[in-house]
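Subject: Structure for your review

Hello,

Here is the structure I said I would pass on. Please open it first; my notes on what was found follow below.

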Amino acid sequence: MRREPPKSLADYTPLFFPAIMLVVFFVMPFSTMIAVSFFKRDPAGFYTPDFVIDNYARFLSAFFGRVLGFSLMLSVMVAICCVVIAFPFTYMLTRRSRAVQTVWLVCLLSVLSLSEVIIGFAWSTLFSRTAGITNLFVWLGLMQEPVALLPGFGAVLTGMVYQALPYTILVLYPALVRLDPTLLEAARTLGASPVRAFVNVVTPALRNTIVATLIMVFVFALGSYLLPQILGRPQHWTLSVLITDQAIYQSNMPFAAAMAVFLVLISLALVGLTLLVGRKENAL
Amino acid sequence: MKQMFLRRLYFVAVALFLAAPLIVVAGVSVNEKQDLAFPPVGFSLSWYAQIFLDPEWRRALIASVVLALTSAALAVAIALPLAWFLWRRIAPWANIFQLLGVAPFVLPPVITALGFLTFWATVGLYGQPWTAAISHAIFFVTLPLVTLSLGFASIDRSLVEAASTMGADDRTVLKTVVLPLILPYLVSGYAFAFVLSLNEYIVAYMTIGFVMETLPIKIFNALRYGYTPTMAAVSVFFVAIAALVFGLIAWFGDIRRLLGAMSSEEN
């Protein structure tokens, strides 16, 4: 059946339900949030309609500048760690048999779908004094007595890398699995070792994929909201944590909305950048 | 030889990193006493029984399962006609709906969650259980949309062409040719949405968090009062469900293709 342009109104019928649902329950909530970001806070209820830009002016303060700076720095670190670990891993995975790949993909999807609550709980247990990894070190005779490894920056970073690693591997997987095998054969025939072929042929060929993945993982990490709370101290809180905090505990919806709109703008700019990088890749 | 050894080592290291927190949690979940200890002291499965016996945990479990079942069904109901329309018709502007379907998944979840909170509060429906189902359906519509688009793309158009030259109308073609062909993709899309909804915290919390507890909300709330082995048991339970569902998808379908490998014939 060839694709045809819709001729009558009846041809549009399948589109009705999805269009209504997406407009009413996605476009409208989004617009409401943007509107609320200009409203005034009402300590008694949610907000009162108004048009003020205080909410935006407020995060030009040094405090929010610091939080934003920390969020960006943390997300950059998570993205770099994940891509550095995941790129060679995913490459090796795509060279393995289909059965091995399938088992790994099932495991990666299972970890990826884990709730942030559970990841936070699991790592806080692993880093705790009573039930943590240091007990193992004591048992092995490497340490005198168990210590708590949290809260702290290291714990937050580890938790977030854990959360983003399966995502990174699954984002890299399609590009690496589709990599033209003749490219490698050529390199091997010319006498390159597997490691050399990987470093000198595979990595440069997928430079744009790597850049696009870095940006995608960065946006993913930017969305982390529970791990900094569970594994870190208040100075490790990110913009996402502050948004949740303002919306729920401070019930300052307009301010939370203004921060969310700001986060949308950053994310959209980065997603746009990813698409631009991706397009260049396809043009090659 | 040395390289193969290093490669093995690297795989084991990544596997250990991914498994370590889960191993500790699984160990904690079988402790005999209420203490959080690892290696576990004694062995008991009573904390698993608690999920079903303790009224609060059981209520959270039922709330989560009902929410995941309904929201995944609704997500498929939105994605199926949309994916079908995009495959069947040339209407470039309709791609905007595909973009809308993918957006909530690409943006940081806090944003979508806050959008729902402001929306439901503004229209005065805040806290109704069904609002969480709609919110989750929109939040996860991306998954069935992506799998179904893959499914439609895999259909050989000449096959459908043959059916319509034999006199079948759109409806008959859809029912007898197209639906059976995309059924595996539909099931996987549903399963992906189901598992992720079961694990989702922030959207559920911002829509119904003050009136109802789903399992992730219950775990997070319980975390504030200290750790209990029941949380560990619930966590293991979640991993098991996810592994089971994705394992079934891999068993009956082609998970590599669903995740972007070109076709099942290659490699």
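A residue counts as buried when its relative accessible area is under 20%. A:S224 has a relative accessibility of 1%, so this serine is buried. Please keep in mind that the model is predicted, and that the values below are computed from it.

**Single positions in the two chains**

A:S224 belongs to the loop that runs between α10 (207–222) and α11 (227–231) of chain A. Apart from neighbours within four places in sequence, A:S224 has contacts with A:E116, A:M160, A:Q163, A:T238 and A:S240.

A second loop residue in chain A is A:S251, located between α12 (239–249) and α13 (253–283). The phi angle of A:S251 is near 35 degrees, which is a positive value in a residue other than glycine. With a relative accessibility of 32%, A:S251 is classed as partly exposed.

In chain B, B:I255 is part of helix α13 (residues 255–258). B:I255 has a relative accessible area of 1% and is therefore buried. Which residues does B:I255 contact, leaving aside its neighbours within four places in sequence? From chain A there are A:T102, A:L105, A:V106 and A:L109, and from chain B there are B:F246, B:I249 and B:A250. B:S188 is 67 residues away from B:I255 in sequence, with a C-alpha to C-alpha distance of 9.0 Å.

**Chain B as a whole**

Chain B contains 13 helices and zero strands. The C-alpha trace of chain B spans about 70 × 65 × 30 Å along its principal axes. Chain B has 267 residues, and 53% of them count as buried. Taking the contacts in chain B between residues at least 6 apart in sequence, 68% join residues at least 24 apart.

Helix α11 (residues 215–223) of chain B is mostly covered, with nine of its nine residues buried. Among them are B:L215, B:P216, B:I217, B:K218 and B:F220. On the chain A side, the buried residues of α11(B) pack against α5 (116–126) and α11. Within chain B they pack against α3 (55–88), α9 (170–199), α10 (202–208) and α12 (229–252). B:K218 also lies over the face of B:W57, 5.0 Å from the ring centre.

**Helices of chain A packed on helices of chain B**

Two packed helices are described by the angle between their axes and the distance between the axes. Two such pairs are given here.

The first pair to look at is α3 (residues 62–94) of chain A with α1 (residues 2–29) of chain B: their axes come within 11 Å and cross at roughly 120 degrees. α3(A) and α1(B) are therefore oblique to each other, and the crossing is left-handed. From α3(A), the residues that meet α1(B) are A:V84, A:I85, A:P88, A:F89, A:M92 and A:L93. Their partners in α1(B) are B:R7, B:Y10, B:F11 and B:V14. B:F11 has a further partner in chain A: the charged end of A:R96 sits over the B:F11 ring, 5.0 Å from its centre.

The other pair is α1 (residues 13–36) of chain A with α4 (residues 95–106) of chain B, which pack at an angle of about 45 degrees with axes 10 Å apart. That angle makes α1(A) oblique to α4(B). α1(A) and α4(B) also make a left-handed crossing. On α1(A), the residues involved are A:L15, A:A19, A:L22, A:V23, A:F26 and A:V27. These meet B:F97, B:L100, B:G101, B:A103 and B:P104 in α4(B).

**Aromatic rings**

Over all chains, a search of the whole structure finds 31 aromatic pairs. One of them is B:Y201 with B:Y205, a stacked pair at 5.3 Å centre to centre with 10 degrees between the planes. Both tyrosines count as buried, B:Y201 at 3% relative accessibility and B:Y205 at 5%.

How far do the ring pairs extend, and which residues do they link into a cluster? The cluster holds A:Y225 from chain A together with B:Y201, B:Y205, B:F210 and B:F220 from chain B. B:F220 is also one of the buried residues of α11(B).

Regards

Terms used. Residues numbered from 1 in each chain as written. Chains lettered and ligands numbered in written order. Predicted model: local features only at pLDDT ≥ 70, side-chain atom pairs only at ≥ 80, totals over all residues. Heavy atoms only, no water. Phe/Tyr/Trp six-rings, centres within 6.5 Å; stacked < 30°, edge-to-face > 60°. Buried < 20%, exposed > 50% of the residue type's maximum accessible area, 1.4 Å probe, protein only. Lys NZ or Arg CZ within 6 Å of the ring centre and 35° of its normal. Axes fitted to C-alpha atoms, helices over the stretch in contact; angles between N-to-C directions. Helix = DSSP H or I, 4+ residues; strand = E, 2+ residues; numbered from the N terminus. Parallel < 35°, antiparallel > 145°, perpendicular 65-115°, else oblique. Left-handed = near helix turned anticlockwise from the far one by under 90°. Contact = heavy atoms within 4.5 Å.
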